[in-house]
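Colleague: Got a minute to go through this one with me? I'd like to hear the reasoning behind the labels.

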Amino acid sequence: MPRTHHLPLPDLSGKRAVVTGASDGIGLGIASRLAGAGAEVLLPVRNRSKGQAALARIRSDHPTADVSLRDLDLSSLQSVATLGRQLRGEGAPIHLLVNNAGVMTPPERRLTVDGFELQLGTNHLGHVALVAHLLPLLSAGRARVTSQISVAARSGSMNWGDVNWESSYDGMRAYSQSKIALGLFALELDRRSRAGGWGITSNLSHPGVAPTSLLGARPELGRDRDTPQIAVIRRLSRAGVLVGTVDSAQLPALLAATSAHAHGRRLYGPKGPGHLGGGPAEHALFRPLREAGEAERVWRVSQELTGVPFAAAAA
């Protein structure tokens with residue numbers, strides 16, 4: 001049987017939180033825990049019906065929760081910009097942003113509506129644009145921004161010669177690149193916030209390995225059946241061997257986003273063997289995330305690709 005790990009959260013009353021990818025799995029668990037701790041939680045979702053089901057579940061667990069849906073498709077820069085305009089129009093500061101949403105290893109190369117390789121566009125560039133559009137609200141809330149990466153970011157690198165994987169698509173390498181890019185961006189966000197006085201703290205989390213829908217059947221990605229890997233992960237998780245559970249996989253992001261002992265430019269993940277499961281703890285940065293020059297390059301190139309300059313957003 002898997003072990004149960006507990007992470008008490010501080011009182012988040014009066015805080016506004018945004019969690020991407022919260023319509024199921026780890027993101028739903030993160031959003032529910034934040035709502036249960038008193039935060040007002042916004043769930044930006046691509047699928048409204050799944051979002052409504054997530055909303056009902058959170059309210060069932062926490063009847064007094066202040067939680068609501070917004071529309072967001074991270075694979076569309078127009079959708080990201082629309083959400084940014086809506087939230088800036090509401091004018092309420094944002095205190096917590098968890099960049100959790102992601103897609104993994106479509107069997108064939110797929111593109112976003114803006115022409116980017118799907119994993120790069122959704123996992124990384126969509127979140128870059130979201131942070132840029134929300135920057136005034138994040139600064140006003142002196143926000144904690146936690147970006148969810150992956151154990152896949154332990155190896156690999158930025159494929160600068162073919163960042164969109166046009167010539168030799170490899171789904172796993174493209175996934176690893178998308179998470180490395182998001183991690184480098186998050187580290188540079190914290191550095192620039194400190195240098196520019198933006199008031200934002202940016203850190204990283206990863207969930208280890210858990211039986212989520214990420215590797216399950218995803219017809220919208222061209223995957224009509226579960227992968228062999230997810231079947232193994234489910235068996236190991238039920239047995240409490242090596243990997244985590246959906247509940248334990250939420251904890252690193254919750255620690256990174258809410259703990260007074262969690263800091264910027266740090267990485268939090270499971271502390272079990274191989275960092276695949278177990279309770280949450282601080283980790284050393286994965287090797288591909290340690291080059292300051294790579295972080296600056298990701299920051300610059302990401303702005304060029306998204307067309308959302310942070311200088312204007314900060315102003």
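Modeller: Sure, and keep in mind that this is a predicted model. Start with the second largest pocket: 20 residues line it, and G29, V246, D247, S248 and Q250 lie nearest its centre.

Colleague: Which helices each supply at least two residues of that lining?

Modeller: Helix 1, helix 2 and helix 7 (246-258) do. By class, the lining of the second largest pocket has five nonpolar, nine polar and six charged residues, and the space in there is about 420 Å³.

Colleague: What makes a residue such as G29 count as lining?

Modeller: A lining residue has an atom within 4 Å of a pocket point, and G29 is one of the 20 residues lining this pocket.

Colleague: Why are helix 1 and helix 2 called oblique to each other?

Modeller: Helix 1 (residues 25-36) and helix 2 (residues 48-61) pack at about 40°. Angles under 35 degrees would be roughly parallel, and 65 to 115 roughly perpendicular, so the pair is oblique. Their axes are 10 Å apart, and the crossing is right-handed.

Colleague: How do you know which residues make the contact?

Modeller: The cut-off is heavy atoms within 4.5 Å. On helix 1 that gives L28, A31, S32 and A35, and on helix 2 A54, R57, I58 and D61. The classes are five nonpolar, one polar and two charged.

Colleague: And what lines the largest pocket?

Modeller: It has 46 lining residues, with A101, G102, V103, L214 and R218 nearest the centre. They divide into 23 nonpolar, 16 polar and seven charged, around a space of about 1100 Å³.

Definitions and conventions:
Residues are numbered from 1 along each chain as its sequence is written. This is a predicted model: local features need pLDDT of at least 70, side-chain atom pairs count only at pLDDT 80 or more; totals for chains, interfaces and linings use all residues. Side-chain values use heavy atoms; hydrogens and water are left out. Axes are lines fitted to C-alpha atoms, for helices over the stretch in contact, and angles run from 0 to 180 degrees between N-to-C directions. Helices (H or I, at least four residues) and strands (E, at least two) are DSSP runs, numbered from the N terminus. Angles under 35 degrees count as roughly parallel, over 145 as roughly antiparallel, 65 to 115 as roughly perpendicular and the rest as oblique. A crossing is left-handed if the near helix is turned anticlockwise from the far one by less than a right angle, and right-handed if clockwise. Ala, Val, Leu, Ile, Met, Phe, Trp, Tyr, Cys and Pro count as nonpolar, Asp, Glu, Lys and Arg as charged, and the others, Gly among them, as polar. On a 1 Å grid over the protein atoms alone, a cavity is a set of points where a 1.4 Å probe fits but cannot get out, and a pocket is an open set with protein on both sides within 12 Å along at least five of seven lines; lining residues have an atom within 4 Å of a point. Grid points are joined across faces, edges and corners, and a volume is the space filled by probe spheres set on the points.
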